Amino acid sequence: MTALPERMTVIEIQEPGGPEVLKAEPRPLPKAGDGEILVKVAAAGVNRPDVMQRMGLYPPPPGATDIPGLEIAGTVAARGTGVARWKESDLVMALVAGGGYAQYCVAQESHALPIPAGLTPVEAAAIPETFFTVWHNMFERGRLTAGETVLIHGGSSGIGTTAIQLAKAFGARVVTTASSPEKCAACLKLGADVAVNYKTEDFVAATKKETAGHGAEVIIDLIGGDYVDRNYEAAAVEGRILQIAIQSSPRASVDFRRLMFKRLTHTGSTLRARSVADKAAIARAVEAKVLPLIAAGRVKPVIDSTFKLRDAAAAHARMEAGHHIGKIVLTL
């Protein structure tokens, strides 16, 4: 057994605010509890919820660390009691409730997955939060099937680039939105059938045109606000609308007659506060249904950029600038 250090470097949110409040600080090494593994972190994904937590808008759930970071990749450094699947030195990627922006991070044994052969730690760290979210919402809650059309908002984001690839891998037709010709081109390269520049085009009209007036059976929305009513207009009869983030307003004025006439389902979810068992079930589904696609090279996380752990503030600044295509990842 390799001797572990007593202390580690983490990124702390010193107070709610801009990227500059993220500071590298020393902290004691966490210990793996029952059913947990301690991971020596090689890379950690940066996600929009991290930005919201830094701003004071998304506090960690009860019992979770205040250190940001929801997905990691690295090496198992220690095991808690009852851990059966993993041994020390195993390469894993894991969904965590927090603590990813650190040299070491504790993860539930059941929330870790093996890193597919050929994948770098940076690529692996870009998978858990994003792929778990997309799989659970688009396929488990949204019931997307082959031959249906899915409208994916924010197609060039980490969620969007993942959703486009998975939807195409399972035989769906993809309409997506993005904010520039460059981002639209990136979405088309990933397999989207139509990419709508929402700054110059109407995504409702584009979706109806692409579907001969039928509308999209599934809509993945990260925006909220006035998109809600427009999503109802763009949806097909019996359409399913999945609210997985809110980057605009959490409130909206909508015409509920469309919801009734079209028999729509509008549902939402967050991942971080879900139970250990819930997240374990999603992990098993992703391992069974998605990892084979990644191993075969049919689906792959899109990496925008990497930053050293100590440069987490710069990583957040890039995310907030909105120029990224795919995932931003911290490296150690």
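Let me start with R257 and D255, whose side chains meet in a salt bridge at 3.0 Å, taken from N to O, and I should say at once that this is a predicted model, so every contact I describe is a computed one. Within that pair R257 counts as exposed, because its relative accessible area is 53%, whereas D255 comes out as partly exposed, with a relative accessible area of 24%. Elsewhere, salt bridges that share partners bring K168, R173, D193 and E210 together into one network.

Staying with the stretch around R257 for a moment, which residues make the nonpolar surface patch of about 400 Å²? They are F256, M260 and F261. F261 belongs to helix α8, which covers residues 256-261, and F261 is exposed, since its relative accessible area of 62% lies over the 50% that the term requires.

Next, please look at E238 and R263, whose side chains form a salt bridge with an N to O distance of 2.7 Å. E238 sits in strand β12, residues 235-243, while R263 sits in the loop between α8 and β13, the latter being residues 265-268, so this salt bridge ties together parts of the chain that are 25 residues apart in sequence. As for accessibility, E238 counts as partly exposed because its value is 41%, and R263 is likewise placed in the partly exposed class by its relative accessible area of 47%.

The last pair I would like to show is R27 with D66, where the side chains meet in a salt bridge at 2.9 Å, again from N to O. Here the two partners come from distant parts of the chain, 39 residues apart, with R27 in strand β2, residues 22-28, and D66 in the loop that runs between α1, residues 48-54, and β4, residues 71-79. Is R27 buried or exposed? R27 is buried, because its relative accessible area is 18% and the cut-off for that term is under 20%. D66, on the other hand, counts as partly exposed, with a relative accessibility of 39%.

To put these pairs in context, the count for the model comes to 19 salt bridges, and I have described R257 with D255, E238 with R263 and R27 with D66 as examples among them. If you have the structure open, R27 in strand β2 and its partner D66 in the loop between α1 and β4 can be found from the residue ranges I gave, and the same goes for E238 in strand β12 and R263 in the loop between α8 and β13.

Notes:
Residues are numbered from 1 along each chain as its sequence is written. This is a predicted model: local features need pLDDT of at least 70, side-chain atom pairs count only at pLDDT 80 or more; totals for chains, interfaces and linings use all residues. Side-chain values use heavy atoms; hydrogens and water are left out. Patches are made of residues with over 30% relative accessible area and no salt bridge: like charges are joined within 9 Å, nonpolar side chains (Val, Leu, Ile, Met, Phe, Trp, Tyr) within 5 Å. Accessible areas come from the Shrake-Rupley method with a 1.4 Å probe; for residues, only the protein chains shown count as cover. A salt bridge is a side-chain nitrogen of Lys or Arg within 4 Å of a carboxyl oxygen of Asp or Glu. Helices (H or I, at least four residues) and strands (E, at least two) are DSSP runs, numbered from the N terminus. Buried means under 20% relative accessible area, exposed over 50%, partly exposed in between (1.4 Å probe, protein chains only).
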